[in-house]
Amino acid sequence: HSSKKNLQLHSHKFDYLPYQLSYRFYSSCVVMPKVVCSKTYQTPRRPFEKERLNQELRLVGDFGLRNKRELWRVRYTLAKIRKAARELLTLDEKHPKRLFEGNALLRRLVKVGVLEEGKMKLDYVLGLKLEDFLERRLQTQVFKRNLARSVHHARVLIRQRHIRVRKQIVTVPSFMVRLDSQQHIEYALTSPLGGGRVGRVKRKNAKKGQAGSDAGDDTDSSD
């Protein structure tokens with residue numbers, strides 16, 4: 001009798017066993033997409049260093065950055081480029097890796113406009129500064145081409161789709177402008193600044209002015 005009672009008490013556990021096994025089987029077969037979480041910036045090791053804080057504040061103001069994270073992103077990119085250059089400098093000059101990867105790195109930096117063509121050596125890569133990369137941002141180039149009244153105004157124009165590079169509208173202020181695209185930064189064709197349709201507020205004010213003039217004409221005719 002006791003064995004029958006035990007079987008009755010524990011029989012409900014075995015009822016769900018096939019469902020548990022099938023769930024485990026299908027969950028093990030499902031392949032989840034791999035999420036890539038690569039670092040885009042690195043916070044400074046000493047957060048309260050006075051000289052660094054003053055330099056960062058000056059750069060953020062001069063180049064119209066939104067926050068220091070944008071500056072840290074450029075600094076992280078520069079650190080990776082310097083690290084690659086240092087590793088290549090440890091190799092022999094005739095080493096195939098140094099010849100191949102070194103030339104590719106130098107050509108890419110020259111194409112972006114960070115490095116001059118007369119300085120295509122790895123030694124000059126170690127001398128690059130943050131300002132060299134910040135100068136090539138679209139926000140800075142728009143201001144230098146006198147398309148905006150200030151660096152902050154340039155950021156607003158870019159975010160509001162008033163600026164194009166060649167035929168493509170760019171809405172990212174941190175877009176790195178290449179040397180061959182530098183002369184093709186212009187107002188977008190759809191922008192009112194580039195001869196496009198007038199803005200919403202201006203159309204509204206024009207409609208109000210037209211309605212007011214029509215009302216004045218009606219009063220004059222009635223008199």
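## A glutamate and its partners

Is Glu56 buried or exposed? In this predicted model, Glu56 counts as buried, with a relative accessibility of 0%. Its side chain has company, though. Lys68 meets Glu56 in a salt bridge, with an N to O distance of 3.5 Å. Since Lys68 belongs to helix H4 (residues 68-89) and Glu56 to helix H3 (residues 50-62), this pair ties together parts that are twelve residues apart in sequence. Lys68 itself is partly exposed, at a relative accessible area of 25%.

Arg75 also forms a salt bridge with Glu56, and here the closest N and O atoms are 3.1 Å apart. Again the pair links distant parts of the chain, with Arg75 in helix H4 and Glu56 in helix H3, 19 residues apart. Arg75 counts as partly exposed, at 24% relative accessibility.

## Salt bridges elsewhere

How many salt bridges does a search of the whole structure find? The search finds nine. One of them joins Arg164 to Glu186, where the closest N and O atoms are 2.7 Å apart. This pair links distant parts of the chain: Arg164 sits in strand S1 (residues 163-165) and Glu186 in strand S3 (residues 185-187), 22 residues apart. The two partners fall into separate accessibility classes: Arg164 is buried at 15% relative accessibility, while Glu186 is partly exposed at 35%.

Back with Glu56, there is a network to look at. Arg52, Glu56, Lys68 and Arg75 are joined into one network by salt bridges that share partners.

## Helix H5 and its two sides

Helix H5 covers residues 96-112, which makes 17 residues. From its first C-alpha to its last, H5 reaches 24 Å, close to the 24 Å expected at 1.5 Å a residue. Which residues of H5 are buried? They are Arg98, Gly102, Leu105, Leu106, Leu109, Val110 and Val112. Looking down the axis of H5, you will find these buried residues within an arc of 160°, so they line one face of the helix.

What covers the buried residues of H5? The cover includes H4, helix H6 (122-125) and helix H7 (130-134). On the face of H5 turned away from its buried side, the exposed residues are Pro96, Phe100 and Arg107. Just after H5 comes Gly113, and its phi is positive, near 100°.

## The largest pocket

If you like to look at pockets, the largest one here has a volume of about 300 Å³. Its lining is made of 16 residues, and Arg73, Val74, Thr77, Phe133 and Met176 lie nearest the centre of the pocket.

Which helix gives the most to this lining? That is H4, with five residues. H4, H5 and H7 each supply at least two residues of the lining. Helix H4 therefore turns up in several parts of this report: Lys68 of H4 pairs with Glu56 of H3, Arg75 of H4 pairs with the same glutamate, Glu56, and H4 is among the elements that cover the buried residues of H5.

Note on methods: Residues are numbered from 1 along each chain as its sequence is written. This is a predicted model: local features need pLDDT of at least 70, side-chain atom pairs count only at pLDDT 80 or more; totals for chains, interfaces and linings use all residues. Side-chain values use heavy atoms; hydrogens and water are left out. A salt bridge is a side-chain nitrogen of Lys or Arg within 4 Å of a carboxyl oxygen of Asp or Glu. Helices (H or I, at least four residues) and strands (E, at least two) are DSSP runs, numbered from the N terminus. Buried means under 20% relative accessible area, exposed over 50%, partly exposed in between (1.4 Å probe, protein chains only). The expected span of a helix is 1.5 Å times one less than its number of residues. The arc is that of the directions from the helix axis to the C-beta atoms. Contact means heavy atoms within 4.5 Å. On a 1 Å grid over the protein atoms alone, a cavity is a set of points where a 1.4 Å probe fits but cannot get out, and a pocket is an open set with protein on both sides within 12 Å along at least five of seven lines; lining residues have an atom within 4 Å of a point. Grid points are joined across faces, edges and corners, and a volume is the space filled by probe spheres set on the points.
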